[in-house]
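User: I would like a close look at one helix in this model, and then at how its surroundings are held together. Please keep the answer connected.

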Amino acid sequence: MATATAPAATPAAPTAPGGSPADGRARARAQKKREAEHLRSLTLGPGRKGRVAAYLVVAVLAALWALPLAWAVLSSFKAEADVSAAPLKFWPDSGWTAEAYRSVLAAGDIPLWIWNSVLVSTIVTVITVTISALAAYAFSRQKFRGRKWLFGLTVAAIMVPPQILIVPLFDQMIALRLSDTLLGVALPQVVMPLMVIVMKNFFDQIPVELEEAARLDGAGDFRVFFAVVLPLSRSIITAVSIFVFISAWNNFLWPFIVTNSPEIMTIPVGLGTVKNAYGVQYASEMASAMIGALPLLIVFMLFQRHIIRGFATSGMGGQ
Amino acid sequence: MTTTATNIPADSPGVPPVAATRLKAAGGRQRPASKTGYWFLAPYLFFFGLFLVWPIIYGLWMSLTNRSLVTERSEFTGFSNYAEALSDPQMWSSLGNTLFFTVISSVPLVVVSFVMAYLVYTGLKGQWIWRLTFFAPFLLPVSVVTAIWGFLFTNDFGLINGLLDRAGLSQVGWLSDDQVAMWSIALVTLWWTVGFNFLLYLSALQNIPDHLYEAAQLDGAGSWRRLFSITLPMMKSTTGLIILLQALASLKVFDQIFLLTQGGPNGATRSILQYIYDSGFIGYRLGYASATSYIFFALIVLVSLAQMWFAKRKDS
């Protein structure tokens, strides 16, 4: 799938014999540039006019998209008086300060909420990926009574919006004594039929011969799964893991319903519902927001390629 | 395709050669029936049953009772919850708000994401930075998004009204004017979630073979012509998928509205999910809230079926 300049994005074309890696990189870069140029002339036409117009539109859009975040970052480094000044001030009178960050972090809730989010998202990701991969393998490669019927149920379950289940789930959590606990936040999120289907589609494409060789050596089903299939599925496992982690991290409604005590809240719930006791302080609020945004943005920077490919190929998602 | 395989006795140690070839013919990947499949499935089925199938059944039962959050006892009341919900003007207005939001958010979310994807796809320099800019908001937790936009929308010192002020225009009550509030929410949603559609479009655009463009170029088609006669037609099925996903996502709107306006002013932005939340967790009427959930679920199923029917008709 890769990036817009498809073939060149497969990193660094093989170096020709005798050439240094640097040569190879330069060649790959040149190649990439040629392909981008080619594509540009194919879509926008050969002239300069189309290209300039395209740059203009994309730059304006990007500026509009970056502005809210940029303004929030700037405001988080101002003093309260400068943030709530009317008429609007772009440059702070009393200079830039990290005071908002200091006061937010000193209050102590946010690090705890981040830690809760890390715990919850990790539990959800580990359980979801494990049970979905096992189930997907069964649906893909094993023959058993009721297989079609059970898989049909899984496909149908995609249509069920998790939001309609909050009422019965809440009652169920009270009965299970899991309400207002981290496990209560995490466990109901582990059922993601779409992940089973995405992984099944991937397993379907692994040539069965690879497994048969292991079977001839006497490996059982579980051995084959863990020693042969899983190592071949690293890309899909990574994509699904990241996707599940992000959706668990950003989930609001269910954690909001099931938690009550601030020390059990995840970051979206805590930030959204616990307001400053001294009225709204915008610099602090923006600082909290930035701290709340940081963990996932770092994850994104680290795994950009996987995330984009995962999202784009599987068509998963939601708000 | 797998029916032939069922004839083979389960767990037979040596599958007869004929059957083996039939197996191969039937898709190649089927092995004789065994019980191992259940072991692989068990953990998934456990959670699937406990947190999906059971709540669906239990919720359906609840919707037929007067189950409340404050008392333990509940009685069977038949369809009275449904009758009440369907005759409640508040239910209809929240449903209307939801549908209105779905329309005014879906259209720009599809159009803008295509424009973004097309521009980035054409190979403009700085791919990485454009992709990051358009996609990054999608990664923000909803409360961060609403904190930022709540601040931008503030009446006196918010950025947007501040800019309007500087331009000599009058300020707008972005979240406090009931004629404007839903549009503001749609704007926030566009900013927040467009990155997802953008990526879907981007990957679909990359699958258009170059030679189509080359052939069109040889035929003398200009760049607009190529956009309308090649790119857009090639994007038809992707657009259909994106519209469906988008409509389903927009129908489920709750978080950003709840955090920005709590459904106000005067209920102008109250969504159907908030109606469910309000009646269940604020009004303590779990049975009634369940009934509303199922009415909403019926709507979701209806939209999905309509899309499927639509797609089928276009194919034939």
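Which exposed residues does the face of helix 7 of chain A turned away from its buried side carry?

Analyst: The model is a predicted one. The exposed residues on that face of helix 7 of chain A are A:Lys148 and A:Trp149.

The buried side of helix 7, which spans residues 147-157 of chain A, consists of A:Arg147, A:Leu150, A:Phe151, A:Thr154 and A:Ala157. These residues lie on the same side of the helix, because the arc they cover around the axis is only 115 degrees. The general rule is that an α-helix has 3.6 residues a turn, so residues three or four places apart point the same way.

The cover over the buried residues of helix 7 comes from both chains: it includes helix 6 (109-141) and helix 10 (193-204) of chain A, and helix 2 (36-62) of chain B.

The setting within chain A is helical, with 16 helices and zero strands. Of the 319 residues in chain A, 50% are buried. Among contacts in chain A between residues at least 6 apart in sequence, 71% join residues at least 24 apart.

Helix 6 of chain A, part of the cover over helix 7, also takes part in a salt bridge. A:Arg141, in helix 6, pairs with A:Glu211, in helix 11 (residues 208-216) of chain A, so the pair ties together parts that are 70 residues apart in sequence. The closest N and O atoms of A:Glu211 and A:Arg141 are 1.9 Å apart. Both partners are buried: A:Glu211 has a relative accessible area of 2%, and A:Arg141 has one of 3%.

A further salt bridge in chain A links A:Asp221 with A:Arg215, where the closest N and O atoms are 3.0 Å apart. A:Asp221 is buried as well, at a relative accessible area of 13%. Through shared partners, salt bridges join A:Arg141, A:Glu211, A:Arg215 and A:Asp221 into one network. Over all chains, the structure holds eight salt bridges.

The other part of the cover, helix 2 of chain B, leads to the interface. There, 115 residues of chain A are in contact with 113 residues of chain B. The area buried between the two chains is about 10,600 Å², and carbon and sulfur atoms give 73% of this area.

Across this interface there is one salt bridge. It is formed by B:Arg67 and A:Asp171, with 2.8 Å between the closest N and O atoms. The count of residue pairs in polar contact between chain A and chain B is eleven, both residues of each pair being at pLDDT 80 or more. On the side of chain A that touches chain B, helix 3 (residues 48-76) of chain A gives the most, with 17 residues. By class, that side of chain A has 82 nonpolar, 20 polar and 13 charged residues.

As for the position of the bridge between the chains, A:Asp171 and B:Arg67 form a salt bridge in which A:Asp171 lies in helix 8 (residues 166-175) of chain A and B:Arg67 in the loop between helix 2 and helix 3 (80-86) of chain B, so the pair joins two chains. A:Asp171 and B:Arg67 are both buried.

A:Asn250 gives another view of the interface. This residue is found in helix 13 (residues 234-250) of chain A and counts as buried, at 13% relative accessibility. Leaving aside residues up to four places away in sequence, A:Asn250 touches A:Pro268 and A:Leu296 in chain A, and B:Phe138, B:Leu139, B:Leu140 and B:Pro141 in chain B. A polar atom of the A:Asn250 side chain lies 3.4 Å from the backbone oxygen of B:Leu139. Within chain A, the C-alpha atoms of A:Asn250 and A:Ser121 are separated by 9.1 Å, although the two residues are 129 places apart along the chain.

To return to the helix in question, A:Lys148 and A:Trp149 are exposed on the face of helix 7 turned away from its buried side. The buried residues, A:Arg147, A:Leu150, A:Phe151, A:Thr154 and A:Ala157, have a cover that includes helices of chain A and helix 2 of chain B.

Note on methods. Residues are numbered from 1 along each chain as its sequence is written. Chains are lettered from A and ligands numbered from 1 in the order in which they are written. Side-chain values use heavy atoms; hydrogens and water are left out. Buried means under 20% relative accessible area, exposed over 50%, partly exposed in between (1.4 Å probe, protein chains only). Helices (H or I, at least four residues) and strands (E, at least two) are DSSP runs, numbered from the N terminus. The arc is that of the directions from the helix axis to the C-beta atoms. Contact means heavy atoms within 4.5 Å. Buried area is the accessible area (1.4 Å probe) that two parts lose on being put together, summed over both. A salt bridge is a side-chain nitrogen of Lys or Arg within 4 Å of a carboxyl oxygen of Asp or Glu. A polar contact is a pair of N or O atoms within 3.5 Å; within protein, one must be able to donate a hydrogen and the other to accept it, and residues adjacent in sequence count only if both atoms are side-chain atoms. Ala, Val, Leu, Ile, Met, Phe, Trp, Tyr, Cys and Pro count as nonpolar, Asp, Glu, Lys and Arg as charged, and the others, Gly among them, as polar.
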